[in-house]
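Work through the exercises below with the sequence and the model open. Each task is followed by a solution in steps.

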Amino acid sequence: MTSLTQRSSGLVQRRTEASRSAAAAEKEKSPGEDEDESRRGEEEDDDKGDAKETRLTLMEEVLLLGLKDREVICKSDAPTGDMLLDEALKHVKETQPPETVQSWVELLSGETWNPLKLHYQLRNVRERLAKNLVEKGVLTTEKQNFLLFDMTTHPLTNNTIKQRLVRKVQESVLEKWVNDPQRMDKRLLALLFLAHSSDVLENAFCPLLDDQYDLAMKRVRMLLDLEPEAEAAKSGANELLWAVVAAFTK
């Protein structure tokens, strides 16, 4: 949660962006009785997601929003097509005895004090994710000169995809809030937890009006206050998801 000072300074920005969004939405409205049906069709298209080449992984979505004890056993070593995920699965499959979820979070992120296990760390994660987004047409690559050296940057080039992601995150805790984590889409639930742990979740809430912002943050706090072990024990729960949540929130 932001401090009182941060909260006040962000108020104008949220109201300004919200006003712009409202004005843009009003401008784009077309009269007629088919308006509601058209909007429903648009929401269905958003749920289906983008074309295959622009579908994003969870880690890519967390990075884009930014513009942590059970043993893990690899049930399938089939390639997923995602380089980072395949690299992580390879480590999990080849490691005996199995490590816990908490251990894997520390090992893959490099936050381990054991020098014999530093080779598990996934290298250059941010840059590799950015390059994936460049290949999908979401970001671009530029060189910026900083006096004595050049730095590679990846500015946003497809704002439509990011705004769709932001809207999806907002709706998950506002219009489409179901008040039950077991009924929430598992991928979206994971995104909320990962984005919060990466300190980028609030970026999605900045454009909201003040009362919407407060409600969104209140519901996020409700999720964060859940007891992962209790949730994992419920019928139909995804145990691995809640084990990762426990690793990131403990």
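**Exercise 1.** In this predicted model, find which residues Val-169 touches, leaving out those up to four places away in sequence.

Solution. Step 1: set aside the sequence neighbours up to four places from Val-169. Step 2: list what remains, namely Leu-65, Leu-191, Leu-192, Leu-201, Ala-204 and Phe-205.

**Exercise 2.** Place Val-169 in the largest nonpolar core and state where that core draws its residues.

Solution. Step 1: the largest nonpolar core has 49 residues. Step 2: Val-169 is among the five that touch the most other members, together with Leu-65, Val-173, Phe-205 and Trp-242. Step 3: helix α8 (residues 186-197) gives the most to this core, seven residues. Step 4: domain 1 (125-157) and domain 2 (158-249) each supply at least three residues to the core. As background, nonpolar side chains tend to be buried together in soluble globular proteins.

**Exercise 3.** Describe how helix α4 is set against helix α6.

Solution. Step 1: the axes of α4 (residues 83-94) and α6 (residues 125-135) come within 10 Å and cross at roughly 135°. Step 2: α4 is therefore oblique to α6. Step 3: Met-83, Leu-84 and Glu-87 in α4 meet Val-125, Arg-128 and Leu-129 in α6. Step 4: sorted by class, this contact has four nonpolar residues, two charged and no polar ones.

**Exercise 4.** Give the order of the elements and the share of buried residues in the chain.

Solution. Step 1: count twelve helices and two strands. Step 2: read from the N terminus, α-α-α-α-α-α-β-β-α-α-α-α-α-α. Step 3: of the 250 residues in the chain, 34% are buried.

Technical notes: Residues numbered from 1 in each chain as written. Predicted model: local features only at pLDDT ≥ 70, side-chain atom pairs only at ≥ 80, totals over all residues. Heavy atoms only, no water. Axes fitted to C-alpha atoms, helices over the stretch in contact; angles between N-to-C directions. Helix = DSSP H or I, 4+ residues; strand = E, 2+ residues; numbered from the N terminus. Parallel < 35°, antiparallel > 145°, perpendicular 65-115°, else oblique. Contact = heavy atoms within 4.5 Å. Nonpolar A, V, L, I, M, F, W, Y, C, P; charged D, E, K, R; others polar. Core = buried A, V, L, I, M, F, W, Y, C linked by side-chain atoms within 4.5 Å. Buried < 20%, exposed > 50% of the residue type's maximum accessible area, 1.4 Å probe, protein only. Domains from an automatic or database assignment.
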